[in-house]
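Colleague: I have a fresh model on my screen and would love to talk it through with you. Could we take it piece by piece?

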Amino acid sequence: MANNNVIDTKNLTRTYGTGDQAVYALRGVNLDIGPGQFVALKGRSGSGKTTLLNCIGGLDRPTEGTISIFGEEIGGWSENKLTAWRRQQVGFIFQSLGLLPALSAFENVELILRMNHVPAKERQKRTLECLDLVGLTKWVDHRPYELSGGQQQRVAIARALANRPKLIIADEPTGDLDTKTGREVLSLFRTIIREQNITMLMATHDNLIVDYVDQIMNLQDGQIQQIEYPQQAAAAELVV
Ligand code: ADP
Ligand code: MG
(Lines give C-alpha, C1' and ligand atoms only; values in the text may rest on other atoms or scores of the structure.)
(Ligands and ions follow the chains in the order given, each with its own letter.)
Protein backbone atom coordinates (compact mmCIF):
# COMPACT_ATOMS: atom_id res chain seq x y z
CA MET A 1 0.00 0.00 0.00
CA ALA A 2 1.28 3.47 -0.78
CA ASN A 3 2.37 5.60 2.15
CA ASN A 4 4.96 8.23 2.95
CA ASN A 5 7.40 5.98 4.69
CA VAL A 6 11.04 6.08 3.78
CA ILE A 7 11.74 2.58 5.06
CA ASP A 8 9.16 -0.17 5.16
CA THR A 9 10.01 -3.78 5.87
CA LYS A 10 7.63 -6.69 6.22
CA ASN A 11 8.69 -9.92 7.85
CA LEU A 12 12.31 -9.19 6.98
CA THR A 13 14.18 -12.43 7.57
CA ARG A 14 17.84 -13.25 6.96
CA THR A 15 19.21 -16.68 7.62
CA TYR A 16 22.85 -17.55 6.97
CA GLY A 17 23.58 -21.18 6.12
CA THR A 18 21.17 -24.08 6.42
CA GLY A 19 20.35 -27.04 8.64
CA ASP A 20 22.44 -27.42 11.81
CA GLN A 21 24.68 -24.58 10.68
CA ALA A 22 21.87 -22.08 10.19
CA VAL A 23 22.21 -18.67 11.87
CA TYR A 24 18.95 -16.76 12.17
CA ALA A 25 20.30 -13.22 11.99
CA LEU A 26 16.93 -11.50 11.38
CA ARG A 27 13.66 -13.14 12.37
CA GLY A 28 10.78 -11.18 10.91
CA VAL A 29 11.53 -7.48 11.28
CA ASN A 30 8.68 -5.05 10.52
CA LEU A 31 9.76 -1.43 10.27
CA ASP A 32 7.96 1.68 9.19
CA ILE A 33 10.11 4.76 9.41
CA GLY A 34 8.84 8.12 8.20
CA PRO A 35 10.73 11.01 6.60
CA GLY A 36 13.06 13.13 8.71
CA GLN A 37 13.37 10.54 11.47
CA PHE A 38 16.64 9.94 13.28
CA VAL A 39 16.47 6.30 14.36
CA ALA A 40 18.93 4.36 16.49
CA LEU A 41 19.19 0.62 16.31
CA LYS A 42 20.45 -0.77 19.60
CA GLY A 43 21.21 -4.28 20.69
CA ARG A 44 24.14 -6.34 21.81
CA SER A 45 26.75 -7.66 19.47
CA GLY A 46 25.27 -10.37 17.24
CA SER A 47 21.68 -9.13 17.59
CA GLY A 48 21.44 -8.46 13.85
CA LYS A 49 22.04 -4.70 13.55
CA THR A 50 24.57 -4.83 10.74
CA THR A 51 22.56 -7.45 8.87
CA LEU A 52 19.48 -5.22 9.04
CA LEU A 53 21.40 -2.17 7.80
CA ASN A 54 22.98 -4.18 4.99
CA CYS A 55 19.60 -5.47 3.83
CA ILE A 56 18.02 -2.02 3.91
CA GLY A 57 21.00 -0.49 2.10
CA GLY A 58 20.88 -3.16 -0.59
CA LEU A 59 24.25 -4.65 0.37
CA ASP A 60 22.67 -7.96 1.37
CA ARG A 61 19.44 -9.67 0.38
CA PRO A 62 16.81 -11.01 2.73
CA THR A 63 15.98 -14.69 2.83
CA GLU A 64 12.31 -13.81 3.22
CA GLY A 65 10.15 -10.73 3.47
CA THR A 66 10.12 -7.40 1.65
CA ILE A 67 11.92 -4.06 1.84
CA SER A 68 10.50 -0.88 0.38
CA ILE A 69 12.49 2.33 0.31
CA PHE A 70 10.56 5.46 -0.65
CA GLY A 71 7.75 3.16 -1.75
CA GLU A 72 9.89 1.09 -4.09
CA GLU A 73 10.39 -2.56 -3.37
CA ILE A 74 14.12 -3.19 -3.82
CA GLY A 75 13.99 -7.00 -3.54
CA GLY A 76 13.48 -7.64 -7.24
CA TRP A 77 16.20 -5.28 -8.44
CA SER A 78 19.28 -6.51 -10.31
CA GLU A 79 22.75 -6.02 -8.81
CA ASN A 80 23.41 -3.23 -11.32
CA LYS A 81 20.28 -1.37 -10.39
CA LEU A 82 21.03 -1.78 -6.68
CA THR A 83 24.59 -0.53 -7.12
CA ALA A 84 23.48 2.56 -9.03
CA TRP A 85 20.74 3.24 -6.48
CA ARG A 86 23.17 2.93 -3.53
CA ARG A 87 25.62 5.28 -5.17
CA GLN A 88 23.04 7.91 -6.04
CA GLN A 89 20.43 7.77 -3.32
CA VAL A 90 21.91 6.44 -0.09
CA GLY A 91 24.68 7.77 2.15
CA PHE A 92 26.69 5.16 4.04
CA ILE A 93 28.87 5.71 7.11
CA PHE A 94 30.70 2.73 8.56
CA GLN A 95 32.86 2.43 11.65
CA SER A 96 35.87 1.53 9.55
CA LEU A 97 35.49 4.73 7.63
CA GLY A 98 36.86 3.53 4.32
CA LEU A 99 38.68 6.80 3.63
CA LEU A 100 41.41 6.41 1.04
CA PRO A 101 44.73 7.25 2.74
CA ALA A 102 46.40 8.69 -0.37
CA LEU A 103 43.58 11.17 -0.97
CA SER A 104 42.94 14.49 0.77
CA ALA A 105 39.70 15.15 2.62
CA PHE A 106 38.52 17.04 -0.46
CA GLU A 107 39.37 14.18 -2.81
CA ASN A 108 37.78 11.57 -0.54
CA VAL A 109 34.48 13.46 -0.60
CA GLU A 110 34.71 14.34 -4.28
CA LEU A 111 35.27 10.72 -5.33
CA ILE A 112 31.64 9.71 -4.91
CA LEU A 113 30.61 12.61 -7.15
CA ARG A 114 33.13 11.56 -9.80
CA MET A 115 31.62 8.08 -9.68
CA ASN A 116 28.22 9.69 -10.28
CA HIS A 117 29.59 11.70 -13.22
CA VAL A 118 28.84 15.06 -11.66
CA PRO A 119 30.53 17.82 -13.72
CA ALA A 120 33.78 19.25 -12.31
CA LYS A 121 32.49 22.66 -11.27
CA GLU A 122 29.47 21.25 -9.49
CA ARG A 123 31.71 18.62 -7.85
CA GLN A 124 33.97 21.27 -6.41
CA LYS A 125 31.05 23.34 -5.14
CA ARG A 126 29.26 20.45 -3.47
CA THR A 127 32.43 18.97 -1.98
CA LEU A 128 33.36 22.28 -0.35
CA GLU A 129 29.79 22.79 0.85
CA CYS A 130 29.74 19.39 2.55
CA LEU A 131 33.15 19.84 4.13
CA ASP A 132 32.09 23.27 5.32
CA LEU A 133 28.93 21.82 6.85
CA VAL A 134 30.97 19.42 8.98
CA GLY A 135 33.40 22.17 9.98
CA LEU A 136 36.42 21.06 7.96
CA THR A 137 36.91 24.05 5.68
CA LYS A 138 40.45 24.50 6.97
CA TRP A 139 41.31 20.85 6.54
CA VAL A 140 40.28 20.13 2.97
CA ASP A 141 43.82 19.47 1.76
CA HIS A 142 44.76 17.18 4.63
CA ARG A 143 45.01 13.43 4.26
CA PRO A 144 43.25 11.15 6.73
CA TYR A 145 46.42 10.42 8.76
CA GLU A 146 46.87 14.17 9.29
CA LEU A 147 43.43 14.39 10.91
CA SER A 148 42.10 13.34 14.32
CA GLY A 149 39.60 10.48 14.68
CA GLY A 150 36.75 12.96 15.03
CA GLN A 151 37.88 14.88 11.96
CA GLN A 152 38.14 11.67 9.94
CA GLN A 153 34.63 10.82 11.05
CA ARG A 154 33.52 14.21 9.74
CA VAL A 155 35.12 13.53 6.37
CA ALA A 156 33.12 10.29 6.23
CA ILE A 157 29.96 12.22 7.08
CA ALA A 158 30.68 14.83 4.40
CA ARG A 159 31.24 12.04 1.90
CA ALA A 160 27.90 10.44 2.84
CA LEU A 161 26.18 13.79 2.25
CA ALA A 162 27.88 14.61 -1.06
CA ASN A 163 25.35 12.89 -3.29
CA ARG A 164 22.52 14.59 -1.37
CA PRO A 165 20.87 11.40 -0.17
CA LYS A 166 17.51 11.43 1.56
CA LEU A 167 18.51 8.30 3.45
CA ILE A 168 21.68 7.76 5.49
CA ILE A 169 22.68 4.41 6.91
CA ALA A 170 25.36 4.39 9.59
CA ASP A 171 26.90 1.40 11.36
CA GLU A 172 28.33 2.35 14.77
CA PRO A 173 29.60 5.72 13.54
CA THR A 174 30.58 6.95 17.01
CA GLY A 175 32.04 3.66 18.23
CA ASP A 176 35.65 4.83 18.15
CA LEU A 177 35.11 8.35 19.43
CA ASP A 178 35.53 9.79 22.92
CA THR A 179 32.40 11.14 24.64
CA LYS A 180 32.91 14.78 23.70
CA THR A 181 33.61 14.06 20.04
CA GLY A 182 30.79 11.49 19.98
CA ARG A 183 28.36 14.18 21.15
CA GLU A 184 29.64 16.61 18.54
CA VAL A 185 29.10 14.07 15.79
CA LEU A 186 25.59 13.15 17.04
CA SER A 187 24.66 16.79 17.30
CA LEU A 188 25.91 17.33 13.75
CA PHE A 189 23.72 14.43 12.56
CA ARG A 190 20.74 15.97 14.36
CA THR A 191 21.30 19.32 12.64
CA ILE A 192 21.80 17.85 9.18
CA ILE A 193 18.71 15.66 9.50
CA ARG A 194 16.57 18.67 10.47
CA GLU A 195 17.95 21.02 7.87
CA GLN A 196 17.87 18.60 4.94
CA ASN A 197 14.94 16.43 5.96
CA ILE A 198 17.10 13.33 5.81
CA THR A 199 16.09 10.03 7.38
CA MET A 200 18.86 8.27 9.22
CA LEU A 201 19.11 4.76 10.57
CA MET A 202 22.11 4.21 12.82
CA ALA A 203 23.29 1.07 14.59
CA THR A 204 24.99 1.91 17.86
CA HIS A 205 26.00 0.82 21.35
CA ASP A 206 26.28 4.40 22.44
CA ASN A 207 24.03 5.53 25.32
CA LEU A 208 24.59 9.19 24.39
CA ILE A 209 22.11 8.83 21.54
CA VAL A 210 19.15 9.24 23.87
CA ASP A 211 19.62 13.02 23.71
CA TYR A 212 19.62 13.14 19.92
CA VAL A 213 17.48 10.51 18.23
CA ASP A 214 13.72 10.36 17.65
CA GLN A 215 13.40 6.61 18.06
CA ILE A 216 15.43 3.86 19.66
CA MET A 217 14.69 0.41 18.33
CA ASN A 218 15.96 -2.39 20.50
CA LEU A 219 16.96 -5.44 18.57
CA GLN A 220 17.30 -8.78 20.31
CA ASP A 221 18.09 -12.05 18.57
CA GLY A 222 17.01 -10.67 15.22
CA GLN A 223 13.72 -9.20 16.38
CA ILE A 224 12.62 -5.71 17.42
CA GLN A 225 11.71 -6.00 21.10
CA GLN A 226 10.79 -2.45 21.86
CA ILE A 227 10.71 1.05 20.40
CA GLU A 228 11.36 4.10 22.57
CA TYR A 229 10.68 7.73 21.70
CA PRO A 230 13.16 9.65 23.85
CA GLN A 231 12.32 13.17 22.63
CA GLN A 232 8.63 12.68 23.41
CA ALA A 233 9.54 11.36 26.85
CA ALA A 234 11.75 14.40 27.45
CA ALA A 235 8.98 16.78 26.32
CA ALA A 236 6.46 15.07 28.64
CA GLU A 237 8.85 15.50 31.56
CA LEU A 238 9.05 19.23 30.89
CA VAL A 239 5.27 19.53 31.00
CA VAL A 240 4.89 17.74 34.34
P1 ADP B 1 25.40 -7.00 15.09
O2 ADP B 1 25.72 -6.02 14.02
O3 ADP B 1 24.21 -6.62 15.92
O4 ADP B 1 26.59 -7.31 15.96
P5 ADP B 1 25.23 -8.94 12.92
O6 ADP B 1 24.15 -8.50 12.04
O7 ADP B 1 26.62 -8.65 12.49
O8 ADP B 1 24.97 -8.39 14.39
O9 ADP B 1 25.12 -10.51 13.13
C10 ADP B 1 23.92 -11.18 13.45
C11 ADP B 1 24.18 -12.68 13.47
O12 ADP B 1 24.40 -13.13 12.14
C13 ADP B 1 25.41 -13.09 14.27
O14 ADP B 1 25.13 -14.32 14.89
C15 ADP B 1 26.47 -13.24 13.20
O16 ADP B 1 27.44 -14.15 13.61
C17 ADP B 1 25.66 -13.76 12.02
N18 ADP B 1 26.24 -13.38 10.71
C19 ADP B 1 26.38 -12.13 10.23
N20 ADP B 1 26.90 -12.14 9.00
C21 ADP B 1 27.10 -13.43 8.67
C22 ADP B 1 27.59 -14.12 7.52
N23 ADP B 1 28.01 -13.45 6.43
N24 ADP B 1 27.63 -15.48 7.55
C25 ADP B 1 27.21 -16.14 8.65
N26 ADP B 1 26.72 -15.57 9.75
C27 ADP B 1 26.66 -14.24 9.78
MG1 MG C 1 27.41 -4.88 13.67
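What follows is a set of questions and answers about this predicted model.

Colleague: Let's begin with the ligand. Which element gives the most to the shell around ligand 1?

Modeller: The residues around ligand 1 include Tyr16, Val23, Ala25, Arg44 and Lys49. Two elements give two or more residues each to that shell, namely β2 (23-33) and α1 (49-56). With three residues, the top contributor is α1.

Colleague: Which residue has a side-chain N or O atom 2.8 Å from an oxygen atom of ligand 1?

Modeller: Some of the polar partners use the backbone: a backbone N or O atom of Gly46 is 2.7 Å from a ligand 1 oxygen, and a polar backbone atom of Ser47 is 3.3 Å from an oxygen of ligand 1. The side-chain partner at 2.8 Å from an oxygen atom of ligand 1 is Lys49.

Colleague: And how much of the area that ligand 1 exposes when taken alone does the protein bury?

Modeller: Start from the polar contact that the Lys49 side chain makes with an oxygen of ligand 1, at 2.8 Å. Ligand 1 on its own exposes 560 Å², and the share of this that the protein buries is 59%.

Colleague: Now to a charged residue, Glu172. How far away is the nearest side chain of opposite charge?

Modeller: Glu172 sits in the loop between β7 (167-171) and α6 (179-196). Its contacts beyond four places in sequence are Lys49, Gln95, Ala203, Thr204 and His205. Glu172 is buried and has no salt bridge, because a salt bridge needs a nitrogen-to-oxygen distance within 4 Å. The nearest opposite charge, on Lys49, is at 4.3 Å.

Colleague: How many salt bridges does a search of the whole structure find?

Modeller: Side chains of opposite charge can pair when their charged atoms come close. One such pair here is Arg154 with Glu184, at 3.2 Å from N to O. Over the whole structure, the number of salt bridges found is 12.

Colleague: Why are Arg114 and Glu110 separated by about one helical turn?

Modeller: Their side chains form a salt bridge with an N to O distance of 3.5 Å. Arg114 is partly exposed at 44% relative accessibility, whereas Glu110 is buried at 8%. The spacing of about one turn arises because the two residues are four apart in helix α3 (residues 105-115).

Colleague: Which residue of helix α4 (residues 120-133) pairs with Glu110?

Modeller: Glu110 has a salt bridge at 2.9 Å, N to O, with Arg123. Since Glu110 belongs to helix α3 and its partner to helix α4, the pair ties together parts 13 residues apart in sequence. The partner is buried too, with a relative accessible area of 13%, and it is Arg123.

Colleague: How many residues apart are Arg154 and Glu184?

Modeller: Arg154 is buried, at a relative accessible area of 14%, and Glu184 is partly exposed, at 33%. Arg154 lies in helix α5 (residues 149-162) and Glu184 in helix α6, and the pair links distant parts of the chain; the separation is 30 residues.

Colleague: Over to strand β1 (residues 7-16). Which side chain makes a polar contact with that of Asp8?

Modeller: Asp8 is placed in β1 and is buried, with a relative accessible area of 10%. Its C-alpha atom is 5.8 Å from that of Ile67, although the two are 59 residues apart along the chain. The polar contact of the Asp8 side chain, at 3.2 Å, is with the side chain of Asn5.

Colleague: Thr15 is in strand β1 as well. Is Thr15 buried or exposed?

Modeller: Leaving out residues up to four places away in sequence, Thr15 touches Ala22, Val23, Tyr24 and Thr63. Its relative accessibility is 16%, and the cut-off is under 20%, so Thr15 counts as buried.

Colleague: One last backbone matter. Where does Asn197 lie?

Modeller: Asn197 has a positive phi near 50°, though it is not a glycine. Asn11, in strand β1, also has a positive phi of about 50°. Asn197 is partly exposed, with a relative accessible area of 45%. Its place is the loop between α6 and β8 (199-203).

Definitions and conventions: Residues numbered from 1 in each chain as written. Chains lettered and ligands numbered in written order. Predicted model: local features only at pLDDT ≥ 70, side-chain atom pairs only at ≥ 80, totals over all residues. Heavy atoms only, no water. Buried < 20%, exposed > 50% of the residue type's maximum accessible area, 1.4 Å probe, protein only. Lys, Arg positive; Asp, Glu negative; His and termini not counted. Contact = heavy atoms within 4.5 Å. Near = heavy atom within 4 Å. Polar contact = N/O pair within 3.5 Å; in protein donor to acceptor, adjacent residues only side chain to side chain. Areas by Shrake-Rupley, 256 points an atom, 1.4 Å probe, with all protein chains shown as cover.
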